[in-house]
Amino acid sequence: MINPIRVFMDKDLDQTPEIEYLISKLKPTPEKVADPRPVYDLINQSDDPVGFAKKVLYITRNKGALIRQCPGTSYYTCCDYTILHCGTYCTMDCSYCILQAYFHPPVLQYFAGFDQYTAALDPVFQGDHIVRIGTGEYTDSLIWEPVSLMPGFLVEKFATQDRAILELKTKTVNIDSLLDLDHNRKTILSWSLNTPEMIASQERGTASLSARLKAAAKAVSKGFRVAFHFDPIFLYPGCEGAYEKVVEAIFAHVSPEDVVWISIGTFRFMPHLKSIIEARFPDSTIPYGEFITGLDNKMRYFKPLRIAMYQRLGALFRQLAPGVAVYFCMEDEEVWMKTFGFFPGKPKALAHMLDRAAADRCGLDSRLV
Ligand code: SF4
């Protein structure tokens with residue numbers, strides 16, 4: 001939930017219905033500022049800027065690029081995803097969250113301005129290829145839903161065209177205001193999933209697994225397509241059976257035909273995240289597995305351990321949902337081959353596979369795949 005103790009607002013923002021709605025939903029009343037320096041100063045004075053920043057909201061416009069390519073690496077197969085940069089940081093608190101180490105200082109920012117979003121998205125909607133675009137890269141897509149008209153605006157905007165798909169990725173169950181919108185299947189509501197014990201121990205303030213899956217079932221009952229992300233998967237005693245139960249629980253709630261894609265990826269992290277986890281989550285044991293440094297300089301579980309886990313899950317997906325596109329975010333040819341028996345190694349091959357899934361499930365223009 002967005003429940004800030006201080007709210008700052010760019011003094012140049014127009015009083016649009018979007019801003020009036022935000023102000024009506026937020027407490028305390030926003031303090032107008034000419035630039036973000038007072039926000040940075042306040043956060044930097046805290047003993048725990050990473051934690052404190054979750055309680056200080058800054059409402060502004062995005063002064064940079066609203067649409068960006070996902071920063072995949074050249075070493076691992078990338079899915080060619082596009083980011084709609086509508087906010088930064090998060091009110092929930094996962095021990096492994098990369099955003100803790102990404103922003104200096106971290107700032108919970110909401111980027112307002114429907115006019116700006118329209119100007120950025122209209123050319124995408126008239127493009128000559130399919131675009132998969134999401135808002136959940138630098139923030140959780142739906143923490144904003146209780147206080148903002150933005151998620152609903154985007155759902156209705158994407159509903160008007162058939163060349164782009166919007167993915168709203170979350171660990172919340174904040175979907176109520178979206179359910180009755182005319183979405184035209186062009187929005188995928190997607191949930192990051194983990195085992196109940198990892199959610200309880202590593203994902204502070206997030207919805208429970210059962211709440212996430214019930215929300216997914218509710219979304220499907222309203223005609224939405226859904227997706228799931230097993231990322232990060234943690235390796236711990238008994239993890240194989242625990243993650244298999246989560247997979248089974250998915251298909252007890254939704255049918256495979258309603259699922260556009262599922263991604264899987266084991267825990268990986270930049271080395272400097274370790275000290276942040278140790279300081280902020282002293283009880284967490286996640287940084288102490290069998291890690292090696294990957295080609296992208298991130299710490300990853302030893303490859304045979306990753307493959308063994310993926311093979312268990314891959315077999316279950318083949319059994320329960322053979323028609324669903326299951327893919328790795330950031331794995332190499334050996335992992336693909338040993339898990340799925342194929343490797344989308346040609347440029348854009350993984351992107352093509354996911355474009356095809358989006359076209360089939362969501363009614364995108366299949367001539368563009
Ligand atoms: S929900 Fe996502 S963005 Fe929010 S703290 Fe957890 S990992 Fe970070």
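A salt bridge here is a side-chain nitrogen of Lys or Arg within 4 Å of a carboxyl oxygen of Asp or Glu. Keep that in mind for the opening stops of this tour through a predicted model.

**Stop 1: Asp115 and Arg61**

Select Asp115 and Arg61 and show their side chains: they meet in a salt bridge, 3.3 Å from N to O. Asp115 sits in helix H5 (residues 114-125), while Arg61 belongs to the loop between strand E3 (56-60) and E4, so the pair ties together parts that are 54 residues apart in sequence. Switch on a surface and Arg61 comes out as partly exposed, at 30% relative accessibility. The structure holds 26 salt bridges, and the next stops visit some of them.

**Stop 2: Asp80 and its partner**

Now pick Asp80, in the loop between strand E4 (67-69) and strand E5 (82-84). Check its backbone: phi is positive, about 65 degrees, although Asp80 is not a glycine. For context, most residues other than glycine have a negative phi. Then add Lys348, whose side chain forms a salt bridge with that of Asp80 (2.7 Å, N to O). This pair links distant parts of the chain, 268 residues apart, with Lys348 placed in the loop between H12 and helix H13 (349-362). Is Lys348 buried or exposed? It counts as exposed, at 56% relative accessibility, whereas Asp80 counts as partly exposed at 27%.

**Stop 3: Arg132, from helix to sheet**

Move to Asp355 and Arg132, another salt bridge at 2.7 Å, N to O. Asp355 lies in helix H13 and Arg132 in strand E9, 223 residues apart. Here both partners are buried: Asp355 has a relative accessible area of 11%, and Arg132 has 3%.

Stay on Arg132 and look across to strand E10, where Ile165 stands opposite. Strands E9 (residues 131-134) and E10 run parallel and are joined by four bridges. Trace the chain from E9 through helix H6 (residues 150-158) to E10, and you follow a right-handed β-α-β crossover.

**Stop 4: strand E10**

Color E10 (residues 164-170) by accessibility. How many of its seven residues are buried? Six of them are, so that the strand is mostly covered. Besides E9, add strand E11 (residues 187-192): E10 pairs with E11 in the parallel sense over five bridges. A handy pair to label is Leu168 with Leu189 of E11, which stand opposite each other.

**Stop 5: Thr206**

Center on Thr206, in the loop between strand E12 (203-204) and helix H8 (209-221). Thr206 is buried, with a relative accessible area of 15%. Draw two distances from its side chain: one to the backbone oxygen of Glu203, at 2.9 Å, and one to the side chain of Arg212, a polar contact of 2.9 Å. Farther along the sequence, beyond four places, the residues that Thr206 touches include Met92, Cys94, Lys171 and Ile199.

While you are here, select Asp48, Lys54, Asp93, Arg204 and Arg280, which are linked in a network of salt bridges.

**Stop 6: two cis peptide bonds**

Most peptide bonds are trans. Zoom in on Lys27 and Pro28, joined by a cis peptide bond with omega of about -10 degrees; Pro28 is in the loop between helix H1 (17-25) and strand E2 (31-33). Then go to Asp231 and Pro232, where a cis peptide bond has omega of about 10 degrees. Pro232 is in strand E13 (residues 225-233).

**Stop 7: helix H11 and its cover**

Select helix H11 (residues 303-320). Its 18 residues reach 26 Å from the first C-alpha to the last, close to the 26 Å expected at 1.5 Å a residue. Color the buried residues, among them Arg306, Tyr310, Leu313 and Phe317. What covers them? The cover includes E13, helix H9 (239-253), strand E14 (259-266), strand E17 (299-301), E18 and H12.

Between E18 (325-328) and H12 (333-340), find Met330 in the loop. Met330 has a positive phi of about 70 degrees, although it is not a glycine, and it is buried at 9% relative accessible area.

**Stop 8: a three-stranded sheet**

Finish with E17, the middle strand of an open, antiparallel sheet in the order E15-E17-E16. Strands E15 (268-269) and E16 (291-293) form the edges, each pairing on one side only. E15 and E17 are held by two bridges, and for a last label, Phe269 stands opposite Met299 in E17.

Definitions and conventions
Residues are numbered from 1 along each chain as its sequence is written. This is a predicted model: local features need pLDDT of at least 70, side-chain atom pairs count only at pLDDT 80 or more; totals for chains, interfaces and linings use all residues. Side-chain values use heavy atoms; hydrogens and water are left out. Buried means under 20% relative accessible area, exposed over 50%, partly exposed in between (1.4 Å probe, protein chains only). Two strands pair if DSSP finds at least two bridges between them. A crossover is right-handed if, with the strands pointing away from the viewer, the path from the first strand over the helix to the second runs clockwise. A polar contact is a pair of N or O atoms within 3.5 Å; within protein, one must be able to donate a hydrogen and the other to accept it, and residues adjacent in sequence count only if both atoms are side-chain atoms. Contact means heavy atoms within 4.5 Å. The expected span of a helix is 1.5 Å times one less than its number of residues.
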